[in-house]
Amino acid sequence: MSLIQAQNVCVSYASRPILEGINLQIEEGEFVCLLGQTGCGKSTLLRLILGSEHPTGGRLLVDGQELLQPDRTRGYVPQKYSLFPDKTVLENITFGVEVSQFGLFKRFTPGFYRRRREFREEALDYLRRVGLRETDASKYPEQLSGGMQQRVAIAQALMTRPRILLMDEAFSALDPGTRREMQTLLRELWRATGTTVIFVTHNTHEALHLGTRVVVLAKDSPEQGSREMLDLQVAENCHEEEIPRLVRRLENASRSLLAEAVPAIG
């Protein structure tokens, strides 16, 4: 059984179709980039997988179960940083696991203090893994650059050891140099952890650079919801000279009314 299954999924907002007849299977450990023009429903599909929204038709299953709400098995990194401004970097990274294990009202028991020490040691390890220093742990978000804040947001999501990591245009606000650094970091973390990654982007080059698979969402007409126009496997050793051709195919698919069958590149 696939880890994630979209079975004829439809979503409408006030009778306006957003997604229409999405059928998609994602296996454990894949790195899938959702690509498409603004407004095609990429983020909506991500929120369905997160469990913060629900289909108006069809079913979205994770590990064979329909989702009722978000949980710690699915980490989420939004486009805008989700850090608490009144908490330090270390407190931001550990907040989710502390609340998940102890709740908001049982956090000051003897067991809590012991586990908090363990959480903080683990958080410092994630801080190093995302390329920050231990001296950054005591800083507040306003003292960090945009790239540093996004590294903290990734560490925050990974701290819960999610089975699925969902990222919604997480690098779009970064400058080109920082964006490349974050792309390299994310690929390294994905290889090291084996986490299933679903990454939303409208940047074709980014999708090809990051993903082992690129799914293009587009509409047949403005009155209809989006569907999968293209589902492309990208080989790990994809040659540089293949990139321009793949970019053209993906960009054409995101604009075309008719999907073109494209074989896996390898």
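**Helices, cores and buried arginines in a predicted model**

Helix α5 comprises 18 residues, for which a span of 26 Å is expected at 1.5 Å a residue, and its end C-alpha atoms lie 26 Å apart, in agreement with that value. The expected span of a helix is taken as 1.5 Å times one less than its number of residues. The model is predicted; local features require pLDDT of at least 70, side-chain atom pairs count only at pLDDT 80 or more, and totals for chains, interfaces and linings use all residues. Residues are numbered from 1 along each chain as its sequence is written, and side-chain values use heavy atoms, with hydrogens and water left out.

The chain contains seven helices and ten strands, defined as DSSP runs (helices, H or I, at least four residues; strands, E, at least two) numbered from the N terminus. Of its 266 residues, 49% are buried, where buried denotes under 20% relative accessible area, exposed over 50%, and partly exposed the range in between (1.4 Å probe, protein chains only). The exposed surface of the chain amounts to about 13100 Å², of which carbon and sulfur atoms supply 50%; accessible areas come from the Shrake-Rupley method with a 1.4 Å probe, and for residues only the protein chains shown count as cover. Of the contacts (heavy atoms within 4.5 Å) between residues at least 6 apart in sequence, 67% join residues at least 24 apart.

At the start of α5, a side-chain oxygen of Asp-175 comes to within 3.2 Å of the backbone nitrogen of Gly-177. The helix is followed by Gly-194, which has a positive phi near 75°. Buried residues of α5 include Met-182, Leu-186, Arg-187 and Trp-190. Arg-187 lies in this helix, which covers residues 176-193, and counts as buried because its relative accessible area is 9%. Beyond its neighbours within four places in sequence, Arg-187 contacts Phe-31, His-209, Leu-210, Gly-211, Thr-212 and Glu-236.

A second buried arginine, Arg-74, is located in strand β6 (residues 74-77) and has a relative accessibility of 5%. When residues up to four places away in sequence are not counted, its contacts are Ile-49, Leu-50, Gly-51, Leu-67, Gln-69, Pro-162, Ile-164 and Leu-166.

Helix α4 (residues 146-159) has 14 residues and reaches 20 Å from its first C-alpha to its last, close to the 20 Å expected. Twelve of its 14 residues are buried, among them Gln-149, Arg-151, Ile-154 and Met-159. Just after α4, Arg-161 adopts a positive phi of about 50°.

The largest nonpolar core has 50 residues, and those with the most contacts inside it are Ile-154, Met-167, Phe-171, Phe-199 and Val-214. Its largest share, seven residues, is contributed by α4. Another core, of 27 residues, lies apart from it and includes Leu-3, Leu-24, Ile-49 and Leu-50. Such a core is a set of buried Ala, Val, Leu, Ile, Met, Phe, Trp, Tyr and Cys residues joined through side-chain atoms within 4.5 Å. With neighbours within four places in sequence left aside, the contacts of Phe-199 include Phe-31, Met-167, Phe-171, Leu-186 and Leu-210.

Thr-56 is placed in the loop between α1 (42-50) and β4 (57-62) and is exposed, at 55% relative accessibility. Although Thr-56 and Cys-10 are 46 residues apart in sequence, their C-alpha atoms are 5.7 Å apart. The side chain of Thr-56 reaches the backbone nitrogen of Ser-12 at 3.2 Å.

Conventions:
Polar contact = N/O pair within 3.5 Å; in protein donor to acceptor, adjacent residues only side chain to side chain.
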